[in-house]
Every structure is written in structure tokens, then in C-alpha cells.
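These are my notebook entries on one protein chain, written down in the order in which I looked things up. I wanted to follow the interior, then the strands, and then the chain as a whole.

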Amino acid sequence: MTQTLNADAAELAKFSDLAHRWWDADGEFRPLHQINPIRLSWIGSLVSLSGLNVLDVGCGGGILTDSLARSGARATGIDLSTKALRIAQLHALDTQTENVQYREISAEGMAAEQPASFDVVTCMEMLEHVPDPASVVQACATLVKPGGWVFFSTLNRNPMSFLLAIVGAEYVLNMLPKGTHEYAKMIKPSELAGFCRAAGLTVTHSRGLSFNPLTQRYWLNNDTRVNYLLATQRPQLA
């Protein structure tokens, strides 16, 4: 029996059409380039990445995956966008990034193939783009080793996030292409925490990510009303 793929064809097409722009730091993916050092630093403050086996779920063009490898990890990026993965692979070749590889496979497919294989799993800015985010969370929990870390980031769902992340970012400031996010697919922190608990993950840390349009600066804080990150761990075996 064929399992239904947990992916939205329109979402895949949306990001595939922009794949050639992924590594343009002044293009449509500029926000990802701006926040990448912040999220990488936060991950590194909780776990030393050097020598670890790390999986980046929904890696796109490899912005985070590449930086994980450059931090000393053995990094694997997975995605379902063929075009984005080709860009990621070409960038790795061009910049001679070591210890990085990319595969076209779903989180669920990878979990069935390599359970409990990774010290760290990251899933950033991806959950709000799939039909069943809980399934991805469960796959991430299956993929990480006991005692390992799983990091998520996504968008909260409330009037403020609609105003700032959709109206402001996409229609007023033109920071992102129009239609990048759908309000109904945004995920409240309580919902994501529930997905994590159901998957056997323990939520250990949460942070908000804020942006000042005047200074063009991002920073981490305790305000999770719009963008937020969760750090979770899979408990050690008894």
C-alpha cells in the first residue's frame, strides 16, 4: 500500500520556482540569511555540534545545513524540492563545504529508513508548509537518538502574527513573496508543544524571534507571539 506523501504540491512548486534565488542574500530569501546566524548560535549554545551527526529536515537550498556542516557537524539536508536540493548541492561544491550531503526524501521516509540515527535534528520554517505537521514532529522524534536534540521554528497563529508576518512582511515591506505563508497553517506554541509531547519529546527551551523594520535587525527574546523556536530532547533510555 502506498503511503500518502505529507507534502503540499502548491507549496513545493512555490519554493521550487524560487530555488535559483536561494543563495542570493539580497533576494527573496534574505530573511533566512539574516536569521541563520541567530538560530545557529542558539542551537550551538545548547549543544556542541562538532563531530555530531545532524539532520536538517526541510532544508530547501541548504542555508542552515551548510552552516551546520561548517560548525563541525556531519550534516544531512532533506527536502522534497528537487530544484532546491540541486541548488544546495551546487553551492556545497562551489564553496567546498565538507561533511554535507543532501537527499530528496520526506521526514517520514527518512524516519522509516534511519530511526534513532542522529544526534541533532533541526526542522526550521518548515512545519507551517505541510498538511500534517504532527507527522513531521513524530518523524523527527523517531530520527533522533535517545538523549538527542530536536529543534523547531515556526510561526504562531494569532492576530499579531497575521498582521506582522503576512500583511507586514509580505504586503507592506515586501520582505517575502506574497503568499509565502497561510494564516490557517500557522501553529500555536501550545499546539507544537502538544505534538512534541505526543511524539515522546520533552520541550526544554523556547525563544521568540523579533524584527525591527527600521534597523533591519533580528534578535531572540521571550516574545513568542510571532516567530518562535522550540528546543526539545528525546529522553534517554532507562
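**Entry 1, the nonpolar cores.** I began with the largest nonpolar core of this predicted model, which has 31 residues, and I noted that Val 47, Leu 49, Val 54, Leu 68, Tyr 102, Val 120 and Phe 151 touch the most other members. The elements that give two or more residues to this core are α2 (30-46), α3, α4 (82-95), β3 (100-104), β4, β5 and β8, and α2 gives the most, with five residues. I then picked out Val 47 and listed its contacts, leaving aside residues up to four places away in sequence: Val 47 touches Leu 52, Val 120, Trp 149 and Phe 151. Apart from the largest core lies another one, of 29 residues, among them Val 121, Cys 123, Cys 140 and Leu 143. I kept a general remark beside this entry: in soluble globular proteins, nonpolar side chains tend to be buried together.

**Entry 2, helix α6.** I looked next at helix α6, which covers residues 133-143, and found that its buried residues are Pro 133, Val 136, Val 137, Ala 139, Cys 140, Ala 141 and Leu 143. What covers these buried residues includes β1 (53-57), α5 (107-113), β4 (118-124), β5 (144-155) and α8 (189-198).

**Entry 3, Thr 65.** Is Thr 65 buried or exposed? I found Thr 65 in helix α3, which spans residues 63-70, and it counts as buried because its relative accessible area is 0%, while the cut-off for buried is under 20%. Not counting residues up to four places away in sequence, Thr 65 touches Asp 56, Cys 59, Ala 75, Thr 76, Gly 77, Val 100 and Tyr 102. I also checked His 181, which is 116 residues from Thr 65 along the chain, and the C-alpha atoms of the two are separated by 22 Å.

**Entry 4, the parallel strands.** Strand β2 (residues 74-79) is mostly covered, since five of its six residues are buried. β1 and β2 run parallel and are joined by five bridges, and in this pairing I saw Val 57 opposite Ile 78 of β2. Between these two strands the chain passes through α3, and this β-α-β crossover is right-handed. β2 also runs parallel to β3, again with five bridges, and the bridge partner of Gly 77 in β3 is Tyr 102. Here the chain crosses from β2 through α4 to β3, in a β-α-β crossover that is right-handed.

**Entry 5, the antiparallel strands.** Which strands pair with β6 in the antiparallel sense? I found that β6 (residues 202-212) pairs with β8 (residues 227-233) over seven bridges, where His 205 has Ala 231 as its bridge partner. β6 also pairs with β7 (residues 217-221) over five bridges, and there Ser 210 stands opposite Trp 219. The hairpin of β6 and β7 has four residues between the strands, and in this hairpin Gln 216 takes a positive phi near 60°.

**Entry 6, the whole chain.** I counted eight helices and eight strands in the protein chain. Its radius of gyration is 17 Å, close to the 18 Å that the globule rule gives for 238 residues, so the chain is as compact as a globular protein of that length. Along its principal axes the C-alpha trace spans about 50 × 40 × 40 Å. Of the 238 residues, 50% count as buried, and the chain exposes about 11000 Å², of which carbon and sulfur atoms supply 54%.

Conventions: Residues numbered from 1 in each chain as written. Predicted model: local features only at pLDDT ≥ 70, side-chain atom pairs only at ≥ 80, totals over all residues. Heavy atoms only, no water. Pairing = 2+ DSSP bridges. Buried < 20%, exposed > 50% of the residue type's maximum accessible area, 1.4 Å probe, protein only. Contact = heavy atoms within 4.5 Å. Core = buried A, V, L, I, M, F, W, Y, C linked by side-chain atoms within 4.5 Å. Right-handed = clockwise from strand over helix to strand, strands pointing away. Rg over C-alpha atoms; globule rule 2.2 N^0.38 Å. Areas by Shrake-Rupley, 256 points an atom, 1.4 Å probe, with all protein chains shown as cover.
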